[in-house]
Amino acid sequence: MTVAPAPLERTPDRPGPGPLPENLLRALDLTIGRRIEGMLAGDHRSSVLGQGSELAQVRPYVPGDDVRRIEWNVTARTGETHVRVDLAERVLVTWLALDVSASMSFGTAERRKADVAEGVALALGHLASRRGNRLGLVAFGGEEAQAIPPRAGRAGMLGLLLALRKEPVLEGGGATSLGSALHLVSKLARQRSLVAVVSDFRGPRDWRPPLLQLAGGHDVLAVEIRDPREETLPNVGELRLVDPETGRQLRVDTASARLRERFAAAAAAERAELARELASLGVGHVVLSTEGDWLRPLAQHLRRSGGRR
């Protein structure tokens, strides 16, 4: 039996449990695949007319129609030749815009935000690559965005996640540009697709125009990942707070009840504003936490929204 390596020691600079070892990530891939398939049984239908197996409509025959498409029951009933038009069975494409910035390395609960993001990528990857459908990925928040064009199956998904798992610069690594990543997705997504943006949305708010453009031609899902300590401060005395993406530092005394209340109120207001902005753009929105089971709320949201279309 293989013994998993001991978790990394928690330090003030690395408060979370640290990234999973490769063998555990591969095991997680299999576990998530089984769970997500069980929670979301069934496939999703296309809405493009053409040749396929599901009947969309019946119309009168016109010269040039394939005689093999004649609908004999309707023809006999009406006395006029009719043909069937089916829903096209076309390839569906999913794009993942995955945040790998420094702020995603934060985690004070059971896992880091980056670990939840990896799990979401694996879950959506399983759903997106069934029956020959294709999956593409844009990873942003590092030195430059990395893109993998859509391909059938999940080939490369796990390898890319492993390649992206280098420890980020923990302070002063630069602000995340989600807007630039969404511009890149817009250029690469040439047919109507599902675009899943997996991020903590902690970078600059440069993403509204490109997200609005994406939502006009694609189905967009924003998967927001939070950590409990981003919403409330514990009473542990003096703390040095660091913005991991800019390196800015601030010393605060968490013994102050007024400070803790102001922090919680500001955090709640910021998250509520984000939710309102995403809703105004017509974007689906689900919030996942580093604490507890993140897969079930994701599956529940996908089930309510119909998964894709």
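Begin with the aromatic rings: this structure holds one aromatic pair. Select phenylalanine 201 and tryptophan 207, which form that pair edge-to-face, with 5.9 Å centre to centre and 75° between the planes. Keep in mind that the model is predicted. Now check burial. Phenylalanine 201 counts as buried, at 4% relative accessibility. Tryptophan 207 is buried too, with a relative accessible area of 2%.

Zoom out to the whole protein. Colour by secondary structure and you will find eight helices and 11 strands. Of the 309 residues, 40% are buried. Switch on the surface: the protein exposes about 16200 Å², and carbon and sulfur atoms supply 52% of that. For contacts between residues at least 6 apart in sequence, 75% join residues at least 24 apart.

Next, select helix H5, residues 178–188. Show its side chains. Leu178, Gly179, Ala181, Leu182, Val185 and Ser186 are buried. Look down the axis of H5: these buried residues fall within an arc of 160°, so they line one face of the helix. What does that buried set pack against? Add strand E4 (93–99), strand E5 (134–140), strand E7 (194–199) and helix H6 (208–217) to the view; the buried residues of H5 pack against these elements.

Move to the largest nonpolar core, which has 31 residues. Start with Val120, Leu288, Trp294 and Leu298, the members that touch the most others. Then bring in the elements around them. Helix H1 (22–39), E4, helix H3 (113–128), E5, E7, E8, strand E11 (284–289) and helix H8 (295–305) each supply at least two residues of this core. H3 gives the largest share, 10 residues.

Centre on leucine 298. Setting aside neighbours within four places in sequence, leucine 298 is in contact with Val120, Ala123, Val286 and Leu288. Another core lies apart from the largest one. This other core has 22 residues; select Ala97, Leu214, Val220 and Val283, which are among them.

Last stop: arginine 226. Find it in strand E8, residues 219–226. Is arginine 226 buried or exposed? Its relative accessible area is 15%, so arginine 226 is buried, given that buried means under 20%. Now show what surrounds the side chain and backbone here. Not counting residues up to four places away in sequence, arginine 226 touches Lys113, Glu231, Arg271, Val287, Leu288, Ser289 and Thr290. Leu288 links this stop to an earlier one: Leu288 touches arginine 226, and is also in contact with leucine 298.

How values were computed
Residues numbered from 1 in each chain as written. Predicted model: local features only at pLDDT ≥ 70, side-chain atom pairs only at ≥ 80, totals over all residues. Heavy atoms only, no water. Helix = DSSP H or I, 4+ residues; strand = E, 2+ residues; numbered from the N terminus. Buried < 20%, exposed > 50% of the residue type's maximum accessible area, 1.4 Å probe, protein only. Contact = heavy atoms within 4.5 Å. Arc of directions from axis to C-beta. Areas by Shrake-Rupley, 256 points an atom, 1.4 Å probe, with all protein chains shown as cover. Phe/Tyr/Trp six-rings, centres within 6.5 Å; stacked < 30°, edge-to-face > 60°. Core = buried A, V, L, I, M, F, W, Y, C linked by side-chain atoms within 4.5 Å.
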